[in-house]
Amino acid sequence: MKVLSEDRLVLMVKGGSHTAFEKLYEAYCHRLFKFAMKLLREQAYAEEVVQFVFLKVWENRERLNPELSFSAYVFQIAKNQILKTIKLRKDSFHAIEHVSKDLLGYSHVDEEINHNVVSDELGKVLNALPEQRRKVFVLSRFDGLAIKEIAKEMKLSVHTVKRHMNLALKSVRSNMLAYR
């Protein structure tokens with residue numbers, strides 16, 4: 001059996017080949033799924049992203065350019081859909097949304113994946129914090145509120161907010177040392 005190059009497969013998909021489409025799907029579905037799982041952390045959402053990516057590829061097949069990187073194309077679609085999913089999820093955690101928005105500045109897929117590993121670890125660290133401490137951290141670091149503003153909003157003393165912030169920073173620092 002002849003192994004076809006990726007650009008040849010893309011050209012065949014552009015012409016409507018279901019077989020070539022299946023080969024590209026098989027080549028990318030697992031990588032896209034892992035990429036989506038790192039940010040979304042839920043299998044159902046990650047699977048939806050992969051389905052969405054390949055639906056878009058098929059719907060826009062006539063506009064595919066075999067001279068451009070197919071990998072960059074599908075990962076860009078995935079990245080955009082992940083960001084939309086995060087924004088739409090009512091139960092999403094604000095810090096993860098903020099970290100995910102940082103992906104907009106990345107253009108190379110490997111950089112995005114490395115960034116996602118750190119973002120995922122940060123999300124885990126923040127999720128492990130007690131609720132009030134996490135909220136103080138998010139209001140300070142992601143929403144840009146001052147200690148006094150946080151105290152007023154959360155109806156806590158300034159001293160309590162400072163204590164929560166110090167403990168949150170200590171947890172983040174000690175758990176993120178490996179990523180310096």
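Two residues are taken to be in contact when heavy atoms of each lie within 4.5 Å. On this basis, the arrangement of the protein is described here from a predicted model.

The protein contains nine helices and zero strands, so that, in the order of elements from the N terminus on, one α element follows another throughout. Of the 180 residues in the protein, 41% are buried. Among the contacts with a separation of 6 or more, 60% join residues that stand 24 or more positions apart. The surface that the protein exposes amounts to about 11,000 Å², and carbon and sulfur atoms supply 51% of this area.

The largest nonpolar core comprises 28 residues, and the members that touch the most other members are Leu32, Val53, Val57, Phe70, Val74 and Ile82. At least two residues of this core come from each of helix H1 (6-14), helix H2 (18-40), helix H3 (43-59) and helix H4 (70-88). The greatest contribution to this core is that of H2, which gives ten residues.

The surroundings of one core member, Leu32, can be followed in further detail. When residues up to four places away in sequence are not counted, Leu32 touches Val50, Val53 and Phe54, and also Val74, Phe75 and Ala78. A second core, separate from that one, consists of 17 residues, including Val138, Val161, Ala168 and Leu169.

How values were computed: Residues are numbered from 1 along each chain as its sequence is written. This is a predicted model: local features need pLDDT of at least 70, side-chain atom pairs count only at pLDDT 80 or more; totals for chains, interfaces and linings use all residues. Side-chain values use heavy atoms; hydrogens and water are left out. Helices (H or I, at least four residues) and strands (E, at least two) are DSSP runs, numbered from the N terminus. Buried means under 20% relative accessible area, exposed over 50%, partly exposed in between (1.4 Å probe, protein chains only). Accessible areas come from the Shrake-Rupley method with a 1.4 Å probe; for residues, only the protein chains shown count as cover. A nonpolar core is a set of buried Ala, Val, Leu, Ile, Met, Phe, Trp, Tyr and Cys residues joined through side-chain atoms within 4.5 Å.
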